[in-house]
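Me: I'd like to learn how to read a structure like this one. Could you take me through a few features?

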Amino acid sequence: MSVHTTVLVAPPRALASATAQRQPRPEPARAAQDPAPQVPSLTTTVPRQFVHRAALAEVLLSDWSRRDGGGFSVTAQWPRRHCFFALPEDTHYDPLLIAETIRQAGTLLAHAELGVPLGHQFLMSELSVSVLPDQLGIPATPDTVTLAVTHDAVQERRGQHVGGRYRVIISIGGRTVATGGAAYTCISPRAYSRLRASAGAEAAPLTSPVPPQHVGRLSPRDVVLSPTGREDEWTLRVDTRHPVLFDHPVDHVPGMLLAEAARQAATHALGQGAVLLSLTARYGRYVELDAPCRITARVTGSSSAQSTVLVTAVQQGAEAFQATVTARPHPC
């Protein structure tokens, strides 16, 4: 995953919690007969740099803290109608919105708790999400979403955090609604510049989209697949002007765009009524902006309860990405 490269001077370890930054100043002592008024607690989002977003509107997380017994608790609030991470029927939260929440939680904790300096690049190697669709109905008022985050592995080099793997359990009102996790590696700006010195600066010309209704989208602008004449193969459609998928300039195809390509390819393969249950993605190498990338989808299992689709991305003769998508045939 690419990151926003604004560098702040303040060390991230000093920010133990978002709430710690927002404690009100003490007020002068009041007379006994003049009790202090009840002031509601205030909530805001975490710093956008901690989740590698340029737009404040794309920050999903609101706070974090250490949990007794280990791990972290992260809170989030999902928009009830996101401009991109939304399902056509507009009645349930989009599983890809949950995947993005999982991604943001990992970068937040790496910066705020594990000491990774702002400006470092995060290279995601795995991302997974599994949802209970019937528990994800969009409410009349926004819910507080809680993520219990546990790191299975933390990698360090010379005392510096350089990567990790974590698991997430997501709940709303005490009930589990989704699980997932991710694995990533952190690279310093200097090392990243050396690694990406030969990357193409310009994106290839934008190709035409497949019909949005074939891939579970409402707008052609949100389609990330272009037709090739085959039912199970497409060209990755990379619109660098997309305000969500390209929240800020990057030198390669973002990981969430590839995850969306997997979801759209699986939807095309199974039919637009299919409901996504899980997506497990593995990122093997960068997908470059200036070369065509071929997306294929193959149904590997099917039953009355659910179907499984294997989606791959191949660029310049090498597999760069693979995802397994499971879905059930009927909507919630």
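Reply: Sure, let's begin with two helices: α1 and α3 are roughly antiparallel to each other, because their angle falls in the class over 145 degrees. (Under 35 degrees is roughly parallel, 65 to 115 roughly perpendicular, and the rest oblique.) Before going on: this is a predicted model, where local features need pLDDT of at least 70, side-chain atom pairs count only at pLDDT 80 or more, and totals for chains, interfaces and linings use all residues. Residues are numbered from 1 along each chain as its sequence is written, and side-chain values use heavy atoms, leaving out hydrogens and water.

Me: At what angle do the axes of α1 and α3 cross?

Reply: Axes are lines fitted to C-alpha atoms, for helices over the stretch in contact, with angles from 0 to 180 degrees between N-to-C directions. Helices here are DSSP runs (H or I, at least four residues), as are strands (E, at least two), numbered from the N terminus. The axes of α1 (residues 95–112) and α3 (residues 255–270) cross at roughly 155° and come within 11 Å.

Me: Which residues make the contact?

Reply: Contact means heavy atoms within 4.5 Å. On α1 you'll find Leu96, Ala99, Glu100 and Arg103, and on α3 Met256, Ala259, Glu260 and Arg263.

Me: How do I read aromatic pairs?

Reply: Rings of Phe, Tyr and Trp (its six-membered ring) pair if their centres lie within 6.5 Å; planes under 30 degrees apart are stacked, over 60 edge-to-face, the rest tilted. That rule gives seven aromatic pairs. Take Phe122 and Tyr184: their ring centres are 5.3 Å apart and the planes sit at 20°, so this pair is stacked. Phe122 lies in strand β3 (residues 121–131) and Tyr184 in strand β6 (residues 175–187), 62 residues apart. Ring pairs also join Phe122, Tyr166 and Tyr184 into a cluster.

Me: Is Phe122 buried or exposed?

Reply: Buried means under 20% relative accessible area, exposed over 50%, and partly exposed in between (1.4 Å probe, protein chains only). Phe122 has 3% relative accessibility, so it counts as buried. Tyr184, at 6%, is buried as well.

Me: What about backbone oddities?

Reply: Most residues other than glycine have a negative phi. Asp90 has a positive phi, near 60°. Asp90 sits in the loop between β2 (72–76) and α1, and is partly exposed at 29%. Gln316 also has a positive phi, about 50°; its place is the loop between β11 (307–315) and β12 (318–328). At 66% relative accessibility, Gln316 counts as exposed.
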